[in-house]
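Got your viewer open and your mouse ready? Let's take a walk through this protein, one selection at a time.

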Amino acid sequence: MREIKSYDSTKYVNNSEYSKVEEGIYRNGSHYVTSLSFIQEPEHEEGLNASEISQFPLEDILEEYNCFISDYYDELNVEESVVCYLEFASTELEDIKNLREIIGKNVYNQEVKHGEQVYVDLIIS
C-alpha cells in the first residue's frame with residue numbers, strides 16, 4: 001500500500017450519526033472511525049485495482065492497530081480505479097490515532113527468513 005491518505009467521506013458531513021473528534025477522526029455510536037485512501041502495490045502481491053483489495057497487508061494492519069473495517073465504499077472501489085477507500089473503526093480512540101500514523105507511508109508484507117523458518121513481516125516505511 002502506498003500513497004496512503006486521509007479520506008474525508010461526505011457521509012461525515014451534516015450527519016447526526018457522526019461527530020467529529022479531531023481532524024480525520026469521527027465518533028459513530030461506541031466506535032471511532034477514520035477513512036483512508038491508498039494505492040495497492042502488485043509487486044507486493046496486492047490487488048491490481050480497487051475492486052480487488054488484497055487481504056494482505058490489510059489483515060496485518062487490522063491486527064497491528066486493533067481495528068476493523070466498517071465501510072468498504074463499494075461505490076468508490078471499482079475496477080476502473082487504482083485508488084482504494086476503506087473506513088477503519090475501533091472502540092478505542094487511541095487505536096484510530098495510531099492507525100493514522102501510516103498516512104504518507106508505504107505498508108506491505110515481506111517474507112523474512114530466520115534460520116530455517118520463513119516469516120511474513122508487516123513493513124511500515
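What volume does the largest pocket have? It comes to about 260 Å³. Keep in mind as you look around that this is a predicted model.

**Stop 1: the pocket**

Select Glu43, His44, Glu45, Phe56, Pro57, Asp60, Tyr108, Asn109, Gln110, Glu111 and Val120, and you have the lining of the largest pocket on screen. Colour them by class and you'll get four nonpolar, three polar and four charged residues. Which strand gives the largest share of this lining? That's strand β7, residues 107-114, with four residues.

**Stop 2: along strand β7**

Stay with the pocket lining for a moment and pick Tyr108, which lies in strand β7. Is Tyr108 buried or exposed? It is buried, because its relative accessible area is 14%, and the cut-off for buried is under 20%. Now show what Tyr108 touches: leaving aside neighbours within four places in sequence, the contacts are Glu41, His44, Glu46, Pro57, Asp121, Leu122, Ile123 and Ser125. Try the distance tool too: the C-alpha atoms of Tyr108 and Ile124 are 6.8 Å apart, although the two residues sit 16 places from each other along the chain.

Next, click on His114, also placed in strand β7. His114 is partly exposed, with a relative accessible area of 44%. Not counting residues up to four places away in sequence, His114 touches Tyr119 and Asp121.

**Stop 3: some unusual backbone**

Here's a bit of background for this stop: most residues other than glycine have a negative phi, and most peptide bonds are trans.

Go back to the pocket lining and select Phe56 and Pro57. What kind of peptide bond joins Phe56 and Pro57? It is a cis bond, with omega at about 15°. You'll find Pro57 in the loop between β4 and α1.

In that loop between β4 and α1 you can also pick out Glu45. Phi of Glu45 is near 65°, a positive value in a residue other than glycine. Glu45 counts as exposed, because its relative accessibility is 74% and the cut-off for exposed is over 50%.

Now jump to Asn14, in the loop between β1 (2-6) and β2 (19-22). Asn14 is not a glycine, yet its phi is positive, at about 50°. Asn14 is exposed as well, at 80% relative accessibility.

**Stop 4: helix α1 and its two sides**

Select residues 58-65 to light up helix α1. Which residues of α1 are buried? They are Leu58, Ile61, Leu62 and Tyr65. Look down the helix axis: these buried residues cover an arc of only 100°, so they sit on the same side of α1. Turn to the other side of α1 and you'll meet Glu63 and Glu64, which are exposed.

What covers the buried residues of α1? The cover includes β5 (68-71), β6 (83-90), α2 (93-99), β7 and β8 (117-124). Before you move on, click on Asn66 just after α1, where phi is positive at about 55°.

**Stop 5: the nonpolar cores**

How many residues does the largest nonpolar core have? It has 20, and those with the most contacts inside it are Ile4, Ile61, Phe88, Leu99 and Ile102. At least two residues of this core come from each of β4 (31-39), α1, β6 and α2. The largest share, four residues, comes from α1.

Zoom in on Phe88 and show its contacts. Leaving aside neighbours within four places in sequence, they include Tyr32, Val33, Leu36, Ile61, Phe68, Ile96 and Leu99. There is also a second, separate core of seven residues, with Tyr12, Tyr18, Tyr85 and Ala89 among them.

**Last stop: the cavity**

How many cavities of 30 Å³ or more are there? The count comes to one. The largest cavity has a volume of about 40 Å³. To see its lining, select Met1, Phe38, Gln40, Glu46, Ile53, Ser54, Phe56, Pro57 and Leu58. By class, that lining divides into six nonpolar, two polar and one charged. You've met Phe56 and Pro57 before: they share the cis peptide bond, and both are in the lining of the largest pocket.

Definitions and conventions:
Residues are numbered from 1 along each chain as its sequence is written. This is a predicted model: local features need pLDDT of at least 70, side-chain atom pairs count only at pLDDT 80 or more; totals for chains, interfaces and linings use all residues. Side-chain values use heavy atoms; hydrogens and water are left out. On a 1 Å grid over the protein atoms alone, a cavity is a set of points where a 1.4 Å probe fits but cannot get out, and a pocket is an open set with protein on both sides within 12 Å along at least five of seven lines; lining residues have an atom within 4 Å of a point. Grid points are joined across faces, edges and corners, and a volume is the space filled by probe spheres set on the points. Ala, Val, Leu, Ile, Met, Phe, Trp, Tyr, Cys and Pro count as nonpolar, Asp, Glu, Lys and Arg as charged, and the others, Gly among them, as polar. Buried means under 20% relative accessible area, exposed over 50%, partly exposed in between (1.4 Å probe, protein chains only). Contact means heavy atoms within 4.5 Å. The arc is that of the directions from the helix axis to the C-beta atoms. A nonpolar core is a set of buried Ala, Val, Leu, Ile, Met, Phe, Trp, Tyr and Cys residues joined through side-chain atoms within 4.5 Å.
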